[in-house]
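Trainee: Got a minute to go through this one with me? I'd like to talk helix packing and then one loop residue.

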Amino acid sequence: MSESRKGGHAADGGDAWQCGGALAVLRAINSMIIDAGDEDLLLADACRSVVEIGGYDCAWIGYPDGDDGALRIAAACGAEAGEFGRLALSPVGGEDGGGLLERLRLGWSWQVPMSAMGAGSALAILPLGSGAGLLGVMVVRDRQPLQSAELALLHEAARSLAYGVATLRSTLARTRAEAELHRVERARRTLSATNRALVRTTDELALLGEICRVIVEEGGYRYAWVGYARRDESRGVDVMAHVGVERAHLEGLRLTWADSERGRSATGMAIRTGQPSIGRNILTDPDLAPWRDEALRRGYAAVSAFPLTVAGEVIGNLSIAAVEPDAFDAAEADLLGELAGDLAFGIETLRMRQRSREAEATIKRMAEQDALTGLPNRWRLRMRLEEEIRAARAGHRPFALLMLGIDHFQEINETLGYQQGDAMLCEVAARVARAVTDGANVARMGEAEFAVLLTNCDAGGASVAAQRILAEMFDPVAIGDVMLDAGSSIGIAVFPGHGTEPDALVRRANVAMHQARQSGHGYALYTGGRDRECARRLALIGDLHRAIEGSELQLYCQPKARFSNREICGVEALVRWQHPQLGMISPNEFIGLAEHSGLISPLTDWVMQAAFRQAYVWREAGLRLPMAVNLSARDLRDPRLVERVRNLLTTWGGEPEGVQFELTESALMQDPQGSLDSMKRLKDLGVELFIDDFGTGYSSLAYLQKLPVDAIKIDQSFVHDMLSNSDSAVIVRSTIDLAHDLDLEVVAEGVEDHAGWEHLAAQGCDVCQGYVLSHPIPAEAYAGWVSGGASGRVLM
């Protein structure tokens, strides 16, 4: 017996001397389980530990191979270990305990009599698990019989090994499930981005290129391409768009949709049959052998192709390649199939639009009418307004221009399609014409906008007419079996009070229409407020630029406290703007201006500089407190962000742990992958990262799990309502549980009273921020606020 087996000297006493090797084996296996990542390696290491650490002769692990009691070797160590699988094993004393597997399922361990193995030998039979959880058996051979305590320790080591194997298998299953979820999420993201592209893109080739880009860059696939089938004798495929692969490579594949050897590719099958060809494994599919070597060289292993059917005819293909050989499971394929269907519909719609534009151009030249509704178009209305202005000036009389817009029309297009939207437009045009005295003065101004010219009409008469039109819109519009809401908003501009030029009247009637839509009153007379608001915003943008460079901005901070001990654990840096003429400007207003005017990065720089400088001042005064700074979506896209933060850390000193950055969930979801990369680089600096306004940005749990964040902040809209709204209460509780399951801290923002504090504390929330602690405090006054409290504790 080796020294490690002995665990000491013979003088130490019987059991310790006998059990030292078994105890060492148990410890070694428990240690292996912690770092184990592969089942076969774990089994091999376990057998090796029995021999090399425990000092036993050999070890063997077998797994059941069928229901007949046969065992197959899973791991072994020692010269004779491989022979154990052929032994007929029975309990000590020859007790009849049934078959080997039955006794193992009962969780028994026993020794084989020495006579069965030869004099001076002992064999321990150890179950790996028990009952339905039985994995197999571990056999350990020694040169002498095992004491009961020694056998018990080896039994416990086998149990630990079984637990480790079960854990590895569970982890593997979870990893596979997460991979499947990732693929489905990848397809879902791609489908969502595709739908956005379908709405925005107006050119067919641009649409094809954008869809391919979305599939590769946002969906994460290896490459994507669109081809159009040639209807000649060759039955070839013309490459129309491609991303992630060169045109020369695709053309070099010499794909065809003919029923031939080179027509059995995924692309050829999709075009020829009109059915998707899903998840073709290039490594194993014999029909893909002509393209296998090139695929391996380029790093993709699976391909799917979807037919593009336009007007009932397969015009081509959408083909997608993936790195994983098992890509394109059923759920993923369904989403990608829907994407291909949407693309085909988009192509059909764009072609229809092109034909419509050509027809409209002809009609404009010939009859000045809208092709869809038959109404005068914008150009004809403008001429009509010029005529009416001349007549109204000569007769010294007023007239009114009404602008009608269909509410939520874009949603109808996106949900039901453009055909249903066009049918609705025609019905709305007919209703408007019925509601006015002279239908010839109704014109279609835009996709979902109509204009009505009311001659010899003042503001009062225009208001009555607007109410009459809105009454016509009250009943839903029937489009096939679907009932659509025809709710509309009407803006009114009156000559001469609101303008004396056609363009001015149209513009102000349109402004009034948006005012009516925002107010929800149905119709509105032009008041000029929006014009003044636009002028004010433009002026504020210039003032904000000067304020950032000057001394009008102020740093405030709002404290955060832990629920567990009521101690202040950090502050959030906030910026305030004291305008020299307008006074204090709301942060919501000027931060929004900064985001839309390109000033958000300079504003963030100002806040970071002020926050780092203030943290230094506090440290010099003996106050060490983490300070959180908010970052915008634009900041995350700034390639200089990490360098800016690193320079500030170098300049002002302090530990990175004292710096926190808060990023809104909505900002992260604008560019999930880019945001993740930026966050990883920030995290490498050692700073803490928070997700702000959690619950409002539509992020997935799979994405959240990837983020290198330390905490999430529950959006204050849920916190405000949690005591009065059961849905908000459920969201708050579920968010806390989710975050804790992911080992994240939870900050509740917007806590305003003691009742909210107590409720969140009972739910296990970690950190509180809100008026219950304090309103935002000027940074220079914060130290005084702390010294006025109970040594940094919150008293309520």
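Trainee: How do H19 and H21 lie relative to each other, roughly parallel or roughly antiparallel?

Mentor: They're roughly parallel, a label that covers angles under 35 degrees. H19 (residues 600–620) and H21 (residues 641–652) pack at about 25 degrees, with axes 10 Å apart. Axes here are lines fitted to C-alpha atoms over the stretch in contact, and angles run from 0 to 180 degrees between N-to-C directions. Helices are DSSP runs of H or I with at least four residues, strands E runs of at least two, numbered from the N terminus.

Trainee: And which residues in H21 meet H19?

Mentor: Arg 644, Val 645, Leu 648, Leu 649 and Trp 652. Their partners in H19 include Met 608, Phe 612 and Tyr 616. Contact means heavy atoms within 4.5 Å.

Trainee: What should I know about the model itself?

Mentor: It's predicted: local features need pLDDT of at least 70, side-chain atom pairs count only at pLDDT 80 or more, and totals for chains, interfaces and linings use all residues. Residues are numbered from 1 along each chain as its sequence is written, and side-chain values use heavy atoms, leaving out hydrogens and water.

Trainee: New topic: where is Asp 407?

Mentor: Asp 407 sits in the loop between strand E11 (399–406) and helix H13 (409–416).

Trainee: Buried or exposed?

Mentor: Buried, at 18% relative accessible area; the cut-off is under 20%, with a 1.4 Å probe and protein chains only.

Trainee: What does it touch further along the sequence?

Mentor: Leaving aside neighbours within four places in sequence, Asp 407 contacts Gly 487, Ser 488, Ser 489 and Arg 517.

Definitions and conventions:
Parallel < 35°, antiparallel > 145°, perpendicular 65-115°, else oblique. Buried < 20%, exposed > 50% of the residue type's maximum accessible area, 1.4 Å probe, protein only.
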